[in-house]
Amino acid sequence: MTKNGNTANLLTVPTEEPLGTKSLKGSSVTINVPPVSSPNTRRRISAISAQDISMALKTVALQQQQLQQTTKNGKTVKLNKKNKKSRKRSKFSSGAIFLCLLVAIAAVGLSAYLYGEVRRIDQKLMLMTGDLDRKADVIVQSLLKDCSYATPWDRIHGITRVYPVAYPYGIEVYCDEKTDGGGWTVFQRRLHGKENFQRKWNAYVKGFGKLEEEFWMGLERIHQISSDLGFEYELRIDMKDFDNNTAYAQYSKFRVGPASSGYELFVNGYSGTAGDSLQVHNRMKFTTTDQDNDLDREKNCALYHHGPWWHRSCHSSNLNGRYKHGVHKTYADGVNWRHWKGDYYSLKFVEMKMRRKI
Ligand SMILES: [Ca+2]
């Protein structure tokens with residue numbers, strides 16, 4: 001019933017789909033129909049209601065479809081945007097990773113290349129250094145083949161190691177760095193008579209004695225040092241008698257030949273204070289008691305005068321003779337230098353030395 005007492009007609013029309021609105025509930029449309037007061041009114045209501053209902057239903061259905069479509073499009077748009085962003089991010093990430101990999105590979109390759117270059121340069125430097133070391137060794141050894149370039153240490157201590165060509169591992173020699181500017185390689189010394197100089201051929205070839213005291217360097221070493229074709233050598237002989245008087249004999253040219261020559265003596269150019277008692281022995285071979293190379297056909301000069309030497313037939317100097325402490329009665333068998341002290345005086349001190357001429 002209505003407020004004015006008319007009976008309201010309620011018309012319920014089923015819908016095709018749920019409407020989901022406040023005015024349209026459930027699966028049907030409820031329309032308030034005014035009370036029917038007359039048969040004409042009933043017909044008009046009936047006719048209007050049918051059109052309205054039909055239009056309303058169509059309108060609602062259309063709106064519903066539009067709403068759904070709008071909702072779907074919105075989601076799609078949003079999804080599409082999200083997908084695009086995601087794809088962009090994915091593409092960016094993949095590109096960044098690829099770039100990083102390229103950089104890493106390039107870095108590894110560059111590092112390997114640089115390492116190889118450094119290794120090659122290092123090897124070249126090592127080869128160059130080794131070559132320079134070898135050349136330096138050759139130069140040093142050529143300089144140190146005798147006492148010509150003795151160090152200050154050698155000047156103090158006398159004994160040093162030198163490297164003649166025939167002795168690549170070096171030999172120890174005594175250097176005289178005090179006499180006449182130094183640089184002398186000493187090859188014979190008589191000092192106190194304790195060393196036995198009455199020795200045979202092999203001993204005189206190899207050498208004997210103590211470098212600090214009395215010794216003979218050896219014919220082979222004297223030959224090897226003095227016969228260097230690149231240089232000339234000079235000879236100096238320092239002497240002292242028992243009154244401590246000194247004298248010397250110096251020769252501007254000195255050389256000892258090889259074993260095949262009998263260690264032939266080459267000497268020339270005397271100067272000094274002792275007189276020349278050696279020039280007469282020039283071109284003589286060395287003679288020992290067991291190897292007679294002298295020119296005396298009747299005797300062995302080394303045996304007769306008790307002194308291995310470059311005897312002719314026999315000598316005017318006999319510096320390897322017996323150590324007799326000065327004056328002696330026997331003929332020329334002491335440490336004799338005829339032109340200073342004669343054939344009957346055995347010297348207190350003798351030192352024979354050679355020096356490279358520069
Ligand atoms: Ca003879």
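A disulfide is a pair of cysteine sulfur atoms within 2.5 Å. With that cut-off in hand, the bonded cysteines of the protein chain, counted along the chain, follow the pattern 1-2, 3-4. The model in which this pattern appears is a predicted one, and a search of the whole structure finds two disulfides in it.

To place these bonds, it helps to begin with the chain itself. The protein chain has 358 residues, of which 37% count as buried, and it contains six helices and 15 strands. Among its contacts with a separation of 6 or more, 50% are between residues 24 or more positions apart. The accessible surface of the protein chain comes to about 21,900 Å², and carbon and sulfur atoms hold 57% of that area.

One of the two disulfides joins Cys147 to Cys175, with a distance from S to S of 1.9 Å. This pair links distant parts of the chain, since Cys147 lies in the loop between helix H1 (39–143) and helix H2 (152–157), whereas Cys175 belongs to strand S4 (residues 171–176), and the two are 28 residues apart. The disulfide is left-handed because the torsion about the S-S bond of Cys147 and Cys175 is about -75°. Both Cys147 and Cys175 are buried.

The other bond joins Cys301 to Cys314, where the distance from S to S is 2.0 Å. Here too distant parts of the chain are linked, with Cys301 in helix H5 (residues 301–304) and Cys314 in the loop between H5 and strand S11 (317–318), 13 residues apart. The torsion about the S-S bond of Cys301 and Cys314 is about -80°, so this disulfide is left-handed. Cys301 and Cys314 are both buried. Another cysteine, Cys100, is exposed, because its relative accessible area of 53% is over the 50% that marks an exposed residue.

The model also holds a calcium ion, and the reader may ask which protein donors it has. They are two OD atoms of Asp292, an OD atom of Asp294, and the O atoms of Asp296 and Lys299, lying 2.1 to 2.6 Å from the ion. Along the sequence, these donor residues are spaced D-x1-D-x1-D-x2-K. Asp296 has 12% relative accessibility and therefore counts as buried, while Lys299, with a relative accessible area of 27%, is partly exposed.

A polar pairing can be found elsewhere along the chain. Arg356 sits in strand S15 (residues 349–357), and it is buried, with a relative accessible area of 5%. The side chain of Arg356 is joined to that of Asp146 by a polar contact of 3.2 Å.

The nonpolar side of the picture remains. In soluble globular proteins, nonpolar side chains tend to be buried together. In this model the largest nonpolar core has 47 residues, and the members that touch the most other members are Phe187, Trp216, Ile237, Leu278, Trp310, Leu319 and Trp337. Strand S9 (residues 246–256) gives the most to this core, contributing five residues.

How values were computed
Residues numbered from 1 in each chain as written. Predicted model: local features only at pLDDT ≥ 70, side-chain atom pairs only at ≥ 80, totals over all residues. Heavy atoms only, no water. Helix = DSSP H or I, 4+ residues; strand = E, 2+ residues; numbered from the N terminus. Buried < 20%, exposed > 50% of the residue type's maximum accessible area, 1.4 Å probe, protein only. Donors = N, O, S within 2.8 Å, 3.2 Å for Na, K, Ca; no water. Contact = heavy atoms within 4.5 Å. Areas by Shrake-Rupley, 256 points an atom, 1.4 Å probe, with all protein chains shown as cover. Polar contact = N/O pair within 3.5 Å; in protein donor to acceptor, adjacent residues only side chain to side chain. Core = buried A, V, L, I, M, F, W, Y, C linked by side-chain atoms within 4.5 Å.
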